[in-house]
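Okay, thanks for squeezing me in, everyone. I'd like to walk through one chain with you, starting with the overall fold and finishing on a single residue. Let me put it on the screen.

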Amino acid sequence: MFCPKCKSEYREGFYKCADCGSDLVYQLSPETSDHSGDEEFVEVFSTYQQGDISFIKSVLDGEGIAYFFQGENSIMLIAAGAYARLLVKAEEADRAKEILRDLGFLE
Ligand SMILES: [Zn+2]
């Protein structure tokens, strides 16, 4: 027997959890896993120009493309000349690259 709240295991014959008073169950239900959140993101562009970042953001927002910039909030990184990397969903990478090419950000 198991307590669904504290996950304690009890011997057969117990029906209430000694700790929290919950009714015990025969089996704990498996953790509901949500995998919808782990889409694969790929890097399509990198820049150290803060102006590029805000411009690209407004364009991608307009196109409805999901993206994020890695490193953009790290002032230290940018000050050190490091790049903010633009990542988009793998399935939208081609479209994002095309847009960036049109804008002149990619060769
Ligand atoms: Zn309990």
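So, the chain has three helices and three strands. Reading from the N terminus, the order is β-α-β-α-β-α. One caveat up front: this is a predicted model, so keep that in mind as we go.

Let's do the strands. E1, residues 41-47, pairs with E3 in the antiparallel sense, over six bridges. If you want one pair to click on, take Val 42, whose bridge partner in E3 is Val 88. E3 also pairs with E2, residues 67-70, again antiparallel, over four bridges. There, Phe 69 has Leu 86 in E3 as its bridge partner.

Now the inside. Which residues make up the largest nonpolar core? There are nine: Val 44, Phe 45, Ile 56, Leu 60, Leu 86, Val 88, Ala 96, Ile 99 and Leu 100. The elements giving two or more residues to this core are E1, H1 (50-63), E3 (84-89) and H3 (93-102). H3 has the largest share, with three residues. You've met two of these names already: Leu 86 is the partner of Phe 69, and Val 88 is the partner of Val 42. As background, in soluble globular proteins nonpolar side chains tend to be buried together. For the chain as a whole, buried residues make up 11% of the 107 residues. And if you take contacts between residues at least 6 apart in sequence, 48% of them join residues at least 24 apart.

Quick geometry check on H1. With 14 residues at 1.5 Å a residue, H1 should span 20 Å, and its end C-alpha atoms are 20 Å apart, so the two agree. Right after H1 comes Gly 64, with a positive phi, near 70°.

Last stop, Glu 40, in the segment before E1. Is Glu 40 buried or exposed? It's exposed, because just 9 other C-beta atoms lie within 10 Å, and the cut-off for exposed is 12 or fewer. Glu 40 still has company from further along the chain: leaving out residues up to four places away in sequence, it touches Lys 89 and Ala 90. Lys 89 falls within the range of E3, which is 84-89. There's also Glu 91, which sits 51 residues from Glu 40 along the chain, yet their C-alpha atoms are separated by 8.4 Å.

That's the tour. Happy to rotate things if anyone wants another look.

Terms used: Residues are numbered from 1 along each chain as its sequence is written. This is a predicted model: local features need pLDDT of at least 70, side-chain atom pairs count only at pLDDT 80 or more; totals for chains, interfaces and linings use all residues. A residue is buried if 20 or more other C-beta atoms lie within 10 Å of its own, exposed if 12 or fewer, and partly exposed in between; C-beta atoms are placed from the backbone. Two residues are in contact if their C-beta atoms, placed from the backbone, lie within 7 Å. A nonpolar core is a set of buried Ala, Val, Leu, Ile, Met, Phe, Trp, Tyr and Cys residues joined through C-beta atoms within 7 Å. Two strands pair if DSSP finds at least two bridges between them. The expected span of a helix is 1.5 Å times one less than its number of residues.
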